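Me: Please take a close look at one part of this predicted model, the packing of a pair of helices. I would also like to hear about the pocket afterwards.

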Amino acid sequence: MKVLVIEDNDSVSEMLEMFFSKEGINGAFIKDGLEGYKAYKQEDWDVLIIDWMLPGMDGVSLCRKIREERGTVPIIMLTAKDSESDQVLGLEMGADDYVTKPFSPLALMARIKAVSRRHAAARTPKEETDVLQTTYFKINKQTREVLLDNGKIENLTPKEFELLCYFAEHPRQVFTREQLLERVWGYQFYGDERTVDVHIKRLRAKLGTKARPFFHTVWGVGYKFDETAGSE
């Protein structure tokens, strides 16, 4: 696995380099956002790890630039910012996941492996059976196209798309946040359930209406996808 880390904190980079060595990961480390973008363009990478605050070009702008160019490489944002609005901004710019500093290297390694596995699975040629048809949605998992009421949805991030797919495959089934982290993100619960909450909030804003919210909170348990139920 080849991982590009764009991070200007030497201590963080040294720690990651040590863990990469133990895991057999080929890591490259860049301290500047613009230089990191050049390194991204020069080679194929399995995962990008991008710090929020960088010289040259900040991490959010770098993530947005890659996604605007249709780059599909998985991106994990490292951030010292802990507010929900900051997390939403990073995810909206196309990050697949975020890790708040200080973080556990083991938790980060689990997330690297998870986004890499899911990206590899998404690139594997699949049959037409991977088209999901629900009452209101038509979802092509191969082309990653979403139709809602026959209108194309253009603004879903990669992880929002995957979460929608999982819900559409399991209508009216209730999932805890821990289950969604494990089954959609691909790693077991490490203490930050807000990852799920932020994505549900964004899916509701982009796809739901007051009459048809689609994504329902089951108080004390988690969430479910139900096209037949109205607003709570």
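Reply: α7 and α8 are roughly perpendicular to each other, because the angle between them is about 80° and angles of 65 to 115 degrees count as roughly perpendicular. The two helices cover residues 177-185 and residues 194-207 respectively, and their axes lie 9 Å apart. On the α7 side, the contact is made by R177, L180, L181 and W185. Facing them from α8 are T195, V196, D197 and H199. Sorted by class, this contact has four nonpolar residues, along with two polar and two charged ones. L180, L181 and W185 of α7 and V196 of α8 are the nonpolar members. R177 and D197 are the charged members, while T195 and H199 are the polar ones.

As for the pocket, the largest one in this predicted model has a volume of about 950 Å³. Its lining consists of 33 residues, and R70, R144, L156, T157 and P158 lie nearest the centre. Several elements supply at least two lining residues each: the helices α3 (59-68), α5 (105-123) and α6 (158-169), and the strands β8 (145-148) and β9 (151-153). The largest share comes from α5, which gives five residues. By class, the lining of this pocket has 16 charged, nine nonpolar and eight polar residues. Domain 1 (2-122) and domain 2 (131-225) each contribute at least three residues to the lining.

Key. Residues numbered from 1 in each chain as written. Predicted model: local features only at pLDDT ≥ 70, side-chain atom pairs only at ≥ 80, totals over all residues. Heavy atoms only, no water. 1 Å grid on protein atoms, 1.4 Å probe; cavity = no way out; pocket = protein on both sides within 12 Å on 5 of 7 lines; lining within 4 Å. Points joined across faces, edges and corners; volume = space filled by probe spheres on them. Helix = DSSP H or I, 4+ residues; strand = E, 2+ residues; numbered from the N terminus. Domains from an automatic or database assignment. Axes fitted to C-alpha atoms, helices over the stretch in contact; angles between N-to-C directions. Parallel < 35°, antiparallel > 145°, perpendicular 65-115°, else oblique. Contact = heavy atoms within 4.5 Å.
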